[in-house]
Structure formats: C-alpha cells, structure tokens
Amino acid sequence: MDGYRLLALLGFALLDALDVLLVAITTAVVADARLTRRSPMTGVLSFLGGVFAISVAFGVCTVLGIDFLVRLLDFELTPTLRYWGELVIGLVLIAVAALPVDTTVSTGGRWVGPVRRHPWLMGVIGFTLGLAKVPTSVPYLAALALLSAQRPLPVVWPVIVAGYCAIALILPLVVLALAMRRTPRARRVYRLLVRGITRFGPPVIRVLFVVFGIGLIVDALVHAGRLW
C-alpha cells in the first residue's frame, strides 16, 4: 500500500476523531467521577473499548465481505472504476458537509446509577453506540472502501483497520489524560479543549469534508481520460 493511500487513511481517521458525541460522553463520565470522587479511567476506557471493539469488528467484516464478493465474482478494479469511485466519494463528502448536523448531546441520567455500581457497563454503552455510529460514519466507510480497493490486500490490513480505529479515539483519550492530571495548567487545557471541540468541531469537519471531497474529485478529473 503506497504512502498516498496511507496518508488518505490517516486523514480520514483524523476526521473521525473530531467526534463531538464521544468527547461529550467522555466529559460526562469524567464529571460524574469527580462528583463521587472516583477515578474516571475505568468508565472511560470501558466505554472507548466498546466503541473500539465494534469499530474494528465492523471494519474487518466489511473488508472481508467485499474481498469475498470480489473473489466470487472475479471482479477486477480497473482504473476506470477507481477514478469513478474517487469521483463518487468526493461528491458524497461534499454533500454530507452541506447537511445540517445536530451537535447537542443529551446524556440523560438513567445510566448514572448502574454505571456507578458497575463501571464495565460503559463498555456495553460504547458497544451499543458504536453499532449505531460506525455504519453511518462517512470517513470510516470511505477509508474501508479505499482499503478494500487494494489488490491484493496488504498483509497487515487488519492492523491498519485497528490502527485507524485507535486514531479515531485519540481526542477522547486526550480528554481523559488531561482530566487525570490535577495541575492548574492541565485543567485549563482540559476546559479549553472540550469547549473548542464542542464549538468548532462540527464546522472543522465540514471544511475538511469539502477539502477531501475536492481533492478526490480533482484527482478523478485529472485522470478524466480513464473515466470512459
């Protein structure tokens, strides 16, 4: 797998990392742990572990499913299909950037009591949330399509999928790391980071969707002779 495609996968993973919902839930767990004078690490890591597990499982199954269909149908990815795929994905990214996004998060209070008694339940919440989130994540689906298009598949492709999912969780992990520190500077950075992600995360995602979309479209148009 060449450096260009690895860089594209990294870009999609960083887009996925700007997830306001995951940061908001992580912040809620941290706040509740502080109220009860407990460490937030168990709850947050359990939650993110659930999201990570379903994300990797979905990615592996998707790539295997696509690879199975390709082998079954004796499908060959031609330059024409590749550049048409880039064109379609680029248009989809730009279209998604134009859609309205509700960034409000209602965490509710029903989960607080059970999770305080059994922090591992946050893993179930993360797994359940991942079931709804992962299949609708445009960057992740685009990354899986890009990976599946490689023929033959890289030997370490499951590691690439796992690495992608780990990078996509980097911001909640940074929030947890800052929350675990007690220094005034760490607390200031924590508050600024959470406020910044909540306020500027969705607009940044829109801009990056447009940038990535235009990049894919331009690459497809540069090779317009191969579209037909």
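**Exercise 1. Determine whether R5 is buried or exposed, and place this residue in the fold.**

Solution. Step 1: R5 has a relative accessibility of 11% and therefore counts as buried; buried means under 20% relative accessible area, exposed over 50%, and partly exposed in between (1.4 Å probe, protein chains only). Step 2: R5 belongs to helix α1, which covers residues 3-17. Helices (H or I, at least four residues) and strands (E, at least two) are DSSP runs, numbered from the N terminus. Step 3: R5 and Q150 are 145 residues apart along the chain, and their C-alpha atoms are separated by 9.6 Å.

The model is predicted: local features need pLDDT of at least 70, side-chain atom pairs count only at pLDDT 80 or more, and totals for chains, interfaces and linings use all residues. Residues are numbered from 1 along each chain as its sequence is written, and side-chain values use heavy atoms, with hydrogens and water left out.

**Exercise 2. State how many helices and strands the protein chain has, and describe its overall burial, contacts and surface.**

Solution. Step 1: The protein chain has 10 helices and zero strands. Read from the N terminus, its elements follow the order α-α-α-α-α-α-α-α-α-α. Step 2: Of the 228 residues in the protein chain, 40% are buried. Step 3: Among contacts (heavy atoms within 4.5 Å) with a separation of 6 or more, 82% involve residues 24 or more positions apart. Step 4: The accessible surface of the protein chain is about 12700 Å², and carbon and sulfur atoms account for 71% of this surface. Accessible areas come from the Shrake-Rupley method with a 1.4 Å probe; for residues, only the protein chains shown count as cover.

**Exercise 3. Identify the contacts of I54 and S55 in helix α3.**

Solution. Step 1: I54 is located in helix α3 and is buried, with a relative accessible area of 9%. Step 2: Apart from neighbours within four places in sequence, I54 contacts F127, G130, L131 and V134. For I54 and G130, the separation is 76 residues in sequence and 5.9 Å from C-alpha to C-alpha. Step 3: S55 also lies in helix α3, and its relative accessibility of 8% makes this residue buried. Step 4: With neighbours within four places in sequence again set aside, S55 touches V134, Y140 and C165.

**Exercise 4. Which residues of helix α7 are buried?**

Solution. Step 1: Helix α7 spans residues 138-148 and is mostly covered, as eight of its 11 residues are buried. Step 2: The buried residues are V138, P139, Y140, A142, A143, L144, L147 and S148. Step 3: Y140 is also one of the contacts of S55.

**Exercise 5. Locate V29 and give its C-alpha separation from F47.**

Solution. Step 1: V29 is in helix α2, residues 20-35. Step 2: V29 is buried, at 8% relative accessibility. Step 3: F47 is 18 residues from V29 along the chain, and the two C-alpha atoms are 9.4 Å apart.

**Exercise 6. Describe the nonpolar and positive patches on the surface.**

Solution. Step 1: Patches are made of residues with over 30% relative accessible area and no salt bridge; like charges are joined within 9 Å, and nonpolar side chains (Val, Leu, Ile, Met, Phe, Trp, Tyr) within 5 Å. A salt bridge is a side-chain nitrogen of Lys or Arg within 4 Å of a carboxyl oxygen of Asp or Glu. Step 2: M41, L45, L173 and M180 form a nonpolar patch of about 310 Å². Helices α3 (41-73) and α9 (170-180) are the elements giving two or more residues to this patch. Step 3: L45, in helix α3, is partly exposed, at a relative accessible area of 41%. Step 4: The positive patch gathers R34, R181, R182, R185, R187, R188, R191 and R195. Lys and Arg count as positive and Asp and Glu as negative, whereas His and the chain ends are not counted; the place of a charge is NZ of Lys, CZ of Arg, CG of Asp or CD of Glu. Step 5: Helix α10 (residues 184-222) contributes the most to the positive patch, with five residues. R188 is found in helix α10 and is partly exposed, with a relative accessible area of 46%.
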